[in-house]
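Please open the structure in your viewer and keep the sequence panel visible. The tour proceeds from the whole chain to a single pair of side chains.

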Amino acid sequence: MTTYTLDSHATIRELEAAGMDSRQAEAVVAALSRSDVELATKADHIEITDLKSEFFRALWIQGAGLVGIQLAIAGLLFAAIRFLD
């Protein structure tokens, strides 16, 4: 993930231009500057989407395998019942 830097002076000026009091704008920027937040980029989003797709594909394969095993067991049970008759 990418870490973004904050232009504190420009941000304070933008907040003041939007009608915020100077002390409030400075406090907001100070709080934002202390945060360690990392923002996800478009590449991160694509990677997460790819991982999600791989995960669901693996679940479908496992599900199909379980159904196959259940059908094989049912077939063996059916054969055993017919053999015992």
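The stops below indicate what to select and what is found there.

**Stop 1: the whole chain.** Begin by displaying the protein chain as a cartoon, bearing in mind that this is a predicted model. Its secondary structure consists of 3 helices and 0 strands. Followed along the sequence, the pattern reads α-α-α.

**Stop 2: the overall dimensions.** Reduce the display to the C-alpha trace and rotate it. Along the principal axes, this trace of the protein chain spans about 90 × 20 × 20 Å. The radius of gyration of the protein chain is 30 Å, whereas a compact globule of 85 residues would have one near 12 Å.

**Stop 3: the surface.** Switch on the surface of the protein chain. How many of the 85 residues, in per cent, count as buried? The share is 6%. The protein chain exposes about 7,500 Å², and 64% of that area is supplied by carbon and sulfur atoms.

**Stop 4: the charges.** Colour the charged side chains next. The protein chain carries 7 positive and 12 negative charges, and the mean positions of the two groups lie 7 Å apart.

**Stop 5: the salt bridge.** Select R13 and E16, and show their side chains. Side chains of opposite charge can pair when their charged atoms come close. Here, E16 and R13 meet in a salt bridge, with a distance of 2.6 Å from N to O. Both belong to helix α1 (residues 8-17), where they are separated by about one helical turn because they are 3 residues apart. E16 is partly exposed, at 24% relative accessible area; R13 is also partly exposed, at 43%. A search of the whole structure finds 1 salt bridge.

Methods: Residues numbered from 1 in each chain as written. Predicted model: local features only at pLDDT ≥ 70, side-chain atom pairs only at ≥ 80, totals over all residues. Heavy atoms only, no water. Helix = DSSP H or I, 4+ residues; strand = E, 2+ residues; numbered from the N terminus. Rg over C-alpha atoms; globule rule 2.2 N^0.38 Å. Buried < 20%, exposed > 50% of the residue type's maximum accessible area, 1.4 Å probe, protein only. Areas by Shrake-Rupley, 256 points an atom, 1.4 Å probe, with all protein chains shown as cover. Lys, Arg positive; Asp, Glu negative; His and termini not counted. Charge placed at Lys NZ, Arg CZ, Asp CG, Glu CD. Salt bridge = Lys/Arg side-chain N within 4 Å of Asp/Glu carboxyl O.
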